[in-house]
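Pull up the model and keep the sequence beside it. We'll start at one residue and work outwards from there.

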Amino acid sequence: LFGQQFAQLASDSSRVYSYHLTQPLSLSSTCPHQWGVCHGTDLEYVFGKPYGEKSFWRHSWRDERLSVDMINSWTSFAKTGDPGEMGGVKWEKAFPSGNNGIGSHQVMVLDVENYQMVKGYFKDPCEDFWKARIFV
């Protein structure tokens with residue numbers, strides 16, 4: 001919730017884009033696949049581990065494709081301030097102009113087989129839970 005509130009405040013003066021990585025890395029020495037997506041897994045994709053690593057065990061084609069897509073989007077954002085598209089889906093700002101509130105927070109879901117922009121992605125599971133406990 002705090003990260004979302006900070007992103008919303010920053011979006012008034014900056015370009016803010018948000019994502020949720022849902023595709024676990026098929027081979028990881030730090031996070032077993034059965035745990036799903038662990039903290040920091042996005043760094044392995046951004047720095048090209050899935051296709052740059054030369055070993056007997058190969059990462060899946062999904063890992064390789066997501067790594068290339070993330071590198072391209074992060075590079076585009078660094079150059080232009082806009083991450084562009086992933087898998088043909090336009091990456092929209094986290095808080096579009098005129099939309100206020102965490103419920104309007106949009107995220108790009110990062111999964112090679114189902115890239116999508118989703119509005120209010122974190123609202124139900126996070127916002128209501130924390131607001132009731134912290135902002136009473």
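Met86 sits in strand S2, residues 85-86. Helices and strands here are DSSP runs numbered from the N terminus, with H or I over at least four residues for a helix and E over at least two for a strand. This is a predicted model, in which local features need pLDDT of at least 70, side-chain atom pairs count only at pLDDT 80 or more, and totals for chains, interfaces and linings use all residues. Residues are numbered from 1 along each chain as its sequence is written, and side-chain values use heavy atoms, with hydrogens and water left out.

Is Met86 buried or exposed? Its relative accessibility is 0%, so Met86 counts as buried. The scale, computed with a 1.4 Å probe on protein chains only, calls a residue buried under 20% relative accessible area, exposed over 50% and partly exposed in between. Setting aside neighbours within four places in sequence, Met86 is in contact with Leu66, Asp69, Met70, Ser73, Trp91, Met108, Leu110 and Tyr115. Contact means heavy atoms within 4.5 Å. The C-alpha atoms of Met86 and Asn72 are separated by 8.7 Å, with these positions 14 residues apart along the chain.

Several of those names come back in the core. The largest nonpolar core has 13 residues, and those with the most contacts inside it are Tyr45, Leu66, Met70, Met86, Met108, Leu110 and Tyr115. Helix H2 (41-46), helix H4 (61-80) and strand S4 (106-110) each supply at least two residues of this core. A nonpolar core, by the way, is a set of buried Ala, Val, Leu, Ile, Met, Phe, Trp, Tyr and Cys residues joined through side-chain atoms within 4.5 Å.

From Met86, hop across to Met108, which is found in strand S4. Met108 is buried, with a relative accessible area of 0%. Beyond four places in sequence, Met108 touches Ser18, Tyr19, His20, Met86, Val89, Lys90, Trp91, Tyr115, Gln116 and Met117. Glu92 is 16 residues from Met108 in sequence and 7.8 Å away in space, C-alpha to C-alpha.

Just past S4, Asp111 lies in the loop between S4 and strand S5 (116-119). Which side of the cut-off does Asp111 fall on, buried or exposed? With 16% relative accessibility, Asp111 counts as buried. Apart from residues up to four places away, Asp111 touches Thr22, Gln23 and Arg62.

Now look along H4. This helix has 20 residues and reaches 28 Å from its first C-alpha to its last, close to the 28 Å expected at 1.5 Å a residue; the expected span is 1.5 Å times one less than the number of residues. Buried residues in H4 are Asp63, Leu66, Ser67, Asp69, Met70 and Ser73. Just after H4, Gly81 takes a positive phi of about 85°.

Gly81 also leads us to Tyr17. These two are 64 residues apart in sequence and 9.6 Å apart in space, C-alpha to C-alpha. Tyr17 is in the loop between helix H1 (2-10) and strand S1 (19-21), and Tyr17 is buried, with a relative accessible area of 19%. Leaving out neighbours within four places, Tyr17 is in contact with Phe77, Gly81, Asp82, Pro83, Trp91, Glu92, Lys93 and Ala94.

Tyr19 is in strand S1. At 28% relative accessibility, Tyr19 counts as partly exposed. Besides neighbours within four places, Tyr19 is in contact with Asp42, Trp74, Trp91, Val107, Met108 and Leu110. Tyr19 and Gln106 are 87 residues apart along the chain, yet their C-alpha atoms are separated by 8.3 Å.

Tyr19 brings us to the largest pocket as well. Ten residues line this pocket, and the closest to its centre are Tyr19, Cys38, His39, Gly40 and Asp42. S1 gives the largest share of the lining, three residues.

Finally, step back to the whole chain. The protein has five helices and five strands, in the pattern α-β-α-α-α-β-β-β-β-α along the sequence. Of its 136 residues, 35% count as buried. Residues 24 or more positions apart account for 51% of the contacts with a separation of 6 or more.

Note on methods. 1 Å grid on protein atoms, 1.4 Å probe; cavity = no way out; pocket = protein on both sides within 12 Å on 5 of 7 lines; lining within 4 Å.
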